[in-house]
Amino acid sequence: MSTADHMPKNLVIVESPTKARTISSFLGDEATVESSMGHIRDLPRSAAEIPAKAKGEDWARLGVNVDNEFEPLYVVPKERKSQVKKLKELLKDADEVYLATDEDREGEAIAWHLVQVLKPKVPVKRMVFHEITRPAIEEAFNNPRDLDDRLVSAQEARRILDRLYGYEVSPVLWKKVQPKLSAGRVQSVAIRIVVERERERMAFVPAGYWSIEGSFAPQEDLDKGFGASLFSIDGDRVASGRDFDSKGKAKKGVRVLTQDDATNLATSLTEADFKVKSVESKPYTRRPYPPFRTSTLQQEAGRKLRYTSSRTMSVAQRLYENGYITYMRTDSVELADSALAAARGQITKLYGEEYLSPSPRKYSGKQAKGAQEAHEAIRPAGDFLTPEQVAANVGPDEAALYDLIWKRTVASQMADAKGVTVSVRLSAEVDSTEVVFGASGRTITFPGFLRAYVQGADDPEAMSDDKEEILPPLEEGDALAVERLEPTGHETRPPARYTEASLVQRLEELGVGRPSTYASIMTTIQDRGYVFKKGSAMVPTFTAFGVVGLLEKHFPNLIDYEFTAEMESDLDLIASGEQESVPWLRSFYFGDDGLKEKVATRLEEIDPRIINSIPVGEDSDGNTIVARVGRYGPYVERGDERGSIPPGVAPDEVTVEKAIELIETQNAGDKIFGTDPDSGLTVYGKTGRFGPYIQLGEQEEGSKAKPKRASLFKSMTMDELGLDDALKLLSLPRTVGEDDDGVEILALNGRYGPYIQRGDDRRSLETEEQLFSLTVPQALKILAEPPRRRGQSRPSNLKELGEDPVSNKTVTVRSGRYGPYVTDGEVNASLRQGDSPETITIERAAELLQARRDRLGK
């Protein structure tokens, strides 16, 4: 850095404290580096944030003045005001301001907002860099540019568009589906994709078919056995899974074997003479994959590391801000010349010259519809540190993701992999019928880039690129020994549900969303109850079906893939200066088929009963069964009979048989346990809206007094309870005893769970079973603890999971008033639908905690 008699006081503003610390270490005394803590200004999040001068305006609820050129109403949220004050104080002593926010549209918008709020009277410069290394920061500091108004305009148009979409459509969902739902431009399309896949699964008709799996060996070398599958019979290819459609119907021209067919044929082939009918050998070449862009990084981290999109981006952010990788939100697969040289140098050093591609590989072009070549690919920054060097200085999550990025980048500059594929046909004749088996082999003659990196696959049964299938040397006419012929039954399977990785890939293929949005979309559709996970599979809820059904029928454009992709393209045109934002927003909102008119005219047309109904089928008597989205949750209905659908049941699992079971179980009538010996009243088991309960006697006609009732514990089922159990539940509240002053202590089961009470003093209990087992000393110990607000339970560690990779603190599963949650002592995150305290892993807990941190802005 240059020096002078008068050192100018430079203020550099970035988004995060970590980024600030890293850049400050490079600039030293040249500048003061401070964080804005993310966005310092945004549209109002609630009515409470709307300034008094705007509260009376018709447009105020939107936060956008649609009547005045779509002027946004920006406010500084309460939690950012102290940071804004700090920045203004630092600005007083500054001679120049450098805005070093991220290089994408969002970063440009943050920089613009800083100028608007801070109103600096000194020169303002824009620092742009792809990586946070000393050379990159010094280059950006010495060669700043001006703010790009086109990028700001495009980001502002995107923000206003999303606000109008969400704030106009969401109230329709509240009125017609369920309260507190939300709609979003990309979010709703993502939900539609997941729902459509579930519809395919619901409509799927499985087909059964049989094959024969055989083991063979050359007669002259019986130690070299290999497997082969039945291929054809008399020239007719034997059906495999790919030959059936979704209705279970086989293609024409294939032979579908039954169990008897396969068994009889296998028996008749036992003594047959098999020989090699043909051998076909072909060389193949496989080229390396391009370096990572945002979407492919999320996909691979999901497949290989089991990271969610949110976790991947949080880890990548930390790697970027600490100077280990280049900027992680990008559509580009290009590598700078310096990166090409660094990668090729490491290949030569680590693998040898023969593994280096003859010339530098240049990757470019649009990788997906609507892609933007705005940045470099995601790659190691600066000196291309090896994974071992980085692992010594970062946590396990960062080390694993860096390893993935390093290997992918290096592999992109390596030589092609080469090999040979072999296809063999084996034949025998039985009863004048030719029966052919097939076997395939693959041999890698030169691994090339596969030495460094092998791409993952969404299909767990797919053969990886580096796997070999070695067949023995075979020639046409060779005699073969039969070691085994086994008839094998198969059944076609419905299309696999989306994972986060495959859903991101589908969104990118459709041109919907942008790199910066994918991770937040994955989190949002789960947090808002539209999707839950079974393993890594994303399962839509019945609420998602209701929302998608409403949008498809009454607002088809808003959930149309092509329309949504075109909006992304239009926003790109605004960014490039080829289109103006205000006329475009005016057309979207006020146009002939604009959003405002669409919502106003169609609201009354929407029949909630129709859009919230999902056909299930008919019972044996022809009665129609439907699943419906209700105010208190989903249920199945047959005529006047209903049955609630338990949480965690996927829509494709609600078959006619399952629906009948739910209806009949929940409408079986009261269970009579017997007679209470003290009162002489009958003890009933009943099922209500909120679940099963015990009731003593019947409600007298004309009386407002309700019979005594007691809910079953969560661990109980009606079928396993007897009269003694029922009377025990009815005995609550239980008197535990008295304290030293003679004050009675009661154990009660309340609306929010079990608790004890002494006078006006209450404390929650950890389990319902404690209501019967708690002693006076135990109760006094709990009462001695400080009171906690509703929803805050005493630390009740159900189990310890391990160390969180971000905070490096021990993560435990705890029992709270509103259910189980995980915590590292700083951040709490509730378990989601599909998670279980018994089976949750440290990896899943880390994902939940990181998602919670992201929402809290930590």
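In this predicted model, residue K180 lies in the loop that links α5 to α6 (187–203). The phi angle of K180 is near 65°. That value is positive, and the residue is not a glycine. A second backbone feature occurs in the loop between α21 (723–730) and β25, where P733 is found. The peptide bond from L732 to P733 is cis. Its omega is near 0°.

Helix α5, which precedes the loop of K180, spans residues 149–176. It packs against α16. The two axes come within 7 Å and cross at roughly 150°. An angle over 145 degrees counts as roughly antiparallel, so α5 is roughly antiparallel to α16. On the α5 side, the contact is made by R150, L151, S153, A154, A157, R158 and L161. On the α16 side, M567, E568, L571, I574 and A575 take part. By class, the contact of α5 with α16 has eight nonpolar residues, one polar residue and three charged residues.

Helix α16 (residues 561–575) also meets α17 (residues 581–590). Here the axes come within 10 Å, with a crossing angle of roughly 160°. The pair is therefore roughly antiparallel. F563, M567, D570, L571 and I574 of α16 form one side of the contact. S581, W584 and F588 of α17 form the other. Six nonpolar residues, one polar residue and one charged residue make up the contact of α16 with α17. M567, L571 and I574 of α16 are among the residues that touch α17, and these three residues are also among those that touch α5.

One open sheet has four strands in the order β2-β1-β5-β6. The pairing is parallel. Strands β2 (31–35) and β6 (124–126) stand at the edges. Each has a single partner strand, so one side of each is left without a neighbour in the sheet. The twist averages 25° from one strand to the next. Within the sheet, β1 (residues 10–14) and β5 (residues 96–99) run parallel and are joined by four bridges. N10 stands opposite E96 in β5. Helix α3 (residues 105–118) packs on this sheet. It touches β1, β5 and β6. The direction of α3 makes about 175° with that of β6.

Another open sheet of four strands has the order β25-β26-β27-β28. Its pairing is antiparallel. The edge strands are β25 (734–738) and β28, and each pairs on one side only. The twist in this sheet averages 25° from one strand to the next. Strand β25 follows the loop that holds P733.

At the β28 edge, β27 (residues 753–758) and β28 (residues 761–764) pair in the antiparallel sense over four bridges. R758 stands opposite D761 in β28. Q757 has R762 as its bridge partner in β28. The hairpin of β27 and β28 has two residues between the strands. In this hairpin, G759 takes a positive phi near 65°. Helix α23 (residues 776–783) lies across β25, β26 (744–750), β27 and β28. It runs at about 90° to β27.

A search of the whole structure finds three cavities of 30 Å³ or more. The largest cavity holds about 80 Å³ of space. Its lining is formed by T308, S310, E500, M522, T523, Q526, K533, R832, R844, E847, L848 and A851. Two elements, α14 (515–527) and α24 (842–856), give two or more residues to this lining. Helix α24 gives the most, with four residues. By class, the lining of the largest cavity divides into three nonpolar, four polar and five charged residues.

Definitions and conventions. Residues numbered from 1 in each chain as written. Predicted model: local features only at pLDDT ≥ 70, side-chain atom pairs only at ≥ 80, totals over all residues. Heavy atoms only, no water. Pairing = 2+ DSSP bridges. Axes fitted to C-alpha atoms, helices over the stretch in contact; angles between N-to-C directions. Contact = heavy atoms within 4.5 Å. Parallel < 35°, antiparallel > 145°, perpendicular 65-115°, else oblique. Nonpolar A, V, L, I, M, F, W, Y, C, P; charged D, E, K, R; others polar. 1 Å grid on protein atoms, 1.4 Å probe; cavity = no way out; pocket = protein on both sides within 12 Å on 5 of 7 lines; lining within 4 Å. Points joined across faces, edges and corners; volume = space filled by probe spheres on them.
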